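Colleague: I'm new to reading models like this one. Please pick a single part of it and take me through that part slowly.

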Amino acid sequence: MSEGKFIADTLESVLVGIAESLREAQEELNSIAPLDGYGRPAPQYRIPHLDFEVGFQLKSETRSGGGVRYLFAPVKSGEASKEVTSRITGRFVAVPPGEGMPVPQLAADITSAGNRRTVTFTATTSAGEVLTGADIELNLDQEASVGLSKAAGVSSPRLTAVTLSSAVVKTDESGMAVTEVQLGGSLQTAARVVLVAELGFETLRLVIGKEVS
């Protein structure tokens, strides 16, 4: 292996290792629950960039029996060596979703009729374009619902009484999609229900309930 190839491969391993550690750190931060135990919004954290500096000392050893090897290690006695000391600085920068291109945006309007909630979604991009034929996935956030319900004085909200007419809806030519949520009779009156709508990596949280429109 040539000296240049050795340096390139070693630096690649070091930089990839830093990048992987940075990604894992951000994923750990992303795992923080959006609500605390009382249903209040919890702080969220992002790593916008990371400045780094890598210092290394390359040594090449010429053995008495012939051959040359490169390493990052002290040179043993009886072997000729030369050292190259270098320092590399740089910055890892968080790239916005879509790498700066227009990203999906999701909005919702909720209307009430008794214990039924009609949710109308509008899907667009950050550039104002309408998204047609896009799938919007809906899920009930059990943990957040229980947390908010407890904050409202309901220890057992009975979320099994909540049903969705469709867990996945597709936007029409106007970028709109509709689903209905039925709040069953056994759902506690003061309970809070948190719905999570996802369009790609865009997430929208909705809070509904019998006392919430």
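Modeller: What follows is a close look at one open sheet. A quick word on the ground rules: this is a predicted model, so local features need pLDDT of at least 70 and side-chain atom pairs count only at pLDDT 80 or more, while totals for chains, interfaces and linings use all residues. Residues are numbered from 1 along each chain as its sequence is written, and side-chain values use heavy atoms, with hydrogens and water left out.

Let's start with the whole chain. You'll find 2 helices and 11 strands in it; here helices (H or I, at least four residues) and strands (E, at least two) are DSSP runs, numbered from the N terminus. Follow the sequence and the pattern reads α-β-β-β-β-β-β-α-β-β-β-β-β.

Now to our sheet. Its 4 strands sit in the order 8-6-10-11, with antiparallel pairing. The edges are strand 8 (168-170) and strand 11 (202-208), each of which pairs on one side only. On average, neighbouring strands here are turned by 25° against each other, direction ignored. Two strands pair if DSSP finds at least two bridges between them. As background, strands of a sheet pair through backbone hydrogen bonds, either parallel or antiparallel.

Zoom in on one pair. Strand 10 (residues 193-199) and strand 11 run antiparallel, and 7 bridges join them. If you'd like one to find on screen, look for Val-196, whose bridge partner in strand 11 is Arg-205.

Next, bring helix 2 (142-151) into view. Helix 2 lies across strand 6 (135-140), strand 10 and strand 11, and it runs at about 150° to strand 10. Two terms to keep handy: contact means heavy atoms within 4.5 Å, and axes are lines fitted to C-alpha atoms, for helices over the stretch in contact, with angles running from 0 to 180 degrees between N-to-C directions.

Carry on along the chain into the loop between helix 2 and strand 7 (162-164), and you'll meet Arg-158. The phi of Arg-158 is near 60°, a positive value in a residue other than glycine. Is Arg-158 buried, exposed or partly exposed? Its relative accessibility is 46%, so Arg-158 counts as partly exposed. The cut-offs are under 20% relative accessible area for buried, over 50% for exposed and in between for partly exposed (1.4 Å probe, protein chains only).

Back to the chain as a whole: buried residues make up 27% of its 213 residues.
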